[in-house]
Amino acid sequence: MQRIVVLAGGIGGARFLRGLKSAVPDAEITVIGNTGDDIHLFGLKVCPDLDTVMYTLGGGIHEEQGWGRADETFAVKEELAAYGVGPEWFGLGDRDFATHIVRTQMLGAGYPLSAVTEALCQRWNPGVRLLPMTDDRVETHVLVDTDEGRKAVHFQEYWVRLRASVDAHAVIPVGAEQSKPAPGVLEAIAAADVVLFPPSNPVVSVGTILAVPGMREAIADAGVPVVGLSPIVGDAPVRGMADKVLAAVGVETSAAAVAQHYGSGMLDGWLVDTVDAAAVGPVEAAGIRCRAVPLMMTDLDATARMAREALDLAEEVRA
Ligand code: FO1
């Protein structure tokens with residue numbers, strides 16, 4: 001059986017995983033999820049990227065939005081607002097609240113996030129093994145200019161409240177240096193036949209996972225093909241505001257620049273969209289095997305074809 005490890009952020013990672021599962025239904029897929037977007041709100045621990053993967057693969061996601069629950073209502077949020085308790089800019093729905101309550105209760109009882117995630121997945125049956133990158137607290141902060149001067153804000157505040165409308169001067173995964181990979185993460189990487197980077201944000205999703213000490217080394221030591229799919233198509237992010245955080249780390253918003261940012265020490269293969277065919281030469285010159293294929297996740301079939309292309313490229317670099 002093929003063992004695949006995927007380093008996933010939120011919406012892009014989750015949608016890619018749906019295609020991957022459809023392309024290789026018999027594969028054993030381990031997802032290492034980004035937890036740098038996690039936020040504590042109303043005394044609850046919210047893990048947006050883990051939940052997005054869990055709900056998307058488990059059939060509970062709000063399809064159009066890409067995050068949160070389908071058929072959601074917002075009575076709790078309205079009641080909190082009536083008490084003047086915010087933040088109002090973050091939309092937690094009633095169904096979603098239940099997930100955060102269960103998670104927070106289990107964490108309070110002493111279970112690590114990895115065990116809590118496994119328990120939550122028993123309800124959703126995502127068909128993959130979903131592991132948080134770490135059980136330790138890591139929180140991505142973004143350095144921005146405000147009226148009170150330059151300050152660090154939580155990633156969600158930058159992304160959701162500010163809509164990434166101001167320049168990000170730096171992206172800091174606070175706590176990453178002291179964190180350890182969650183139980184099972186290093187073992188899954190060591191046992192993998194292939195490692196995939198889906199079209200997730202290279203800075204605040206995949207980049208944060210790679211910032212956990214030991215992660216990069218484990219991937220390099222596994223000695224298996226590492227193939228990524230560009231989240232940038234035609235010099236713009238397919239979704240989200242990746243360009244804002246790419247600028248913060250000095251990387252141009254192009255499929256080739258993102259591949260070079262990961263580097264040939266990390267990536268063996270890179271898929272760019274057909275509109276970026278001109279990137280193939282520069283990426284290959286940087287020592288990374290590159291192919292131009294359609295990369296828009298318009299439906300399940302198109303996404304499954306992308307996953308197959310990534311696995312084919314992995315076999316090509318292995319040979
Ligand atoms: N994104 C928004 O744009 N607005 C929201 O109010 C919002 C709430 C939210 C609640 C739970 C959750 O799991 C995700 C949520 N997201 C929301 C998505 C999230 O902010 C980001 O897209 C991810 O963290 C980036 O991967």
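Which domains does the shell around the ligand draw at least three residues from? In this predicted model, the answer is domain 1 (3-135 + 177-318) and domain 2 (139-175), each of which supplies at least three. The views below start with the ligand and then turn to the backbone.

**View 1. The ligand in its pocket.** Here you can see the ligand sitting in the largest pocket. Two elements each give two or more residues to the shell around the ligand: helix H2 (48-58) and helix H6 (155-161). Of the elements, H6 gives the most, with four residues.

**View 2. The residues of the shell.** Take a walk around the ligand and you will meet 15 surrounding residues. Asp37, Asp49, Gly91, Gln156 and Arg163 are the closest of these. Sorted by class, the shell holds eight nonpolar residues, along with three polar and four charged ones.

**View 3. Polar contacts with the ligand.** Zooming in on individual atoms, two side chains reach oxygen atoms of the ligand. A polar side-chain atom of Asp37 is 2.8 Å from a ligand oxygen, and Arg163 likewise places a polar side-chain atom 2.8 Å from an oxygen atom of the ligand. Trp67 meets a nitrogen atom instead: an N or O atom in the Trp67 side chain lies 3.4 Å from a nitrogen of the ligand. On its own, the ligand has 540 Å² of accessible area, and the protein covers 90% of that.

**View 4. Arg163 and its backbone.** Arg163, one of the residues closest to the ligand, deserves a second look. Arg163 is found in the loop between H6 and strand E8 (170-174). Although Arg163 is not a glycine, its phi is positive, at about 50 degrees.

**View 5. A cis peptide bond at Pro87.** Look for the link between Gly86 and Pro87, where the peptide bond is cis, with omega about 10 degrees. To find Pro87, follow the loop between helix H3 (75-82) and helix H4 (94-108).

Methods:
Residues numbered from 1 in each chain as written. Predicted model: local features only at pLDDT ≥ 70, side-chain atom pairs only at ≥ 80, totals over all residues. Heavy atoms only, no water. Near = heavy atom within 4 Å. Polar contact = N/O pair within 3.5 Å; in protein donor to acceptor, adjacent residues only side chain to side chain. Areas by Shrake-Rupley, 256 points an atom, 1.4 Å probe, with all protein chains shown as cover. 1 Å grid on protein atoms, 1.4 Å probe; cavity = no way out; pocket = protein on both sides within 12 Å on 5 of 7 lines; lining within 4 Å. Sits in = over half its atoms within 2 Å of the grid points. Nonpolar A, V, L, I, M, F, W, Y, C, P; charged D, E, K, R; others polar. Domains from an automatic or database assignment.
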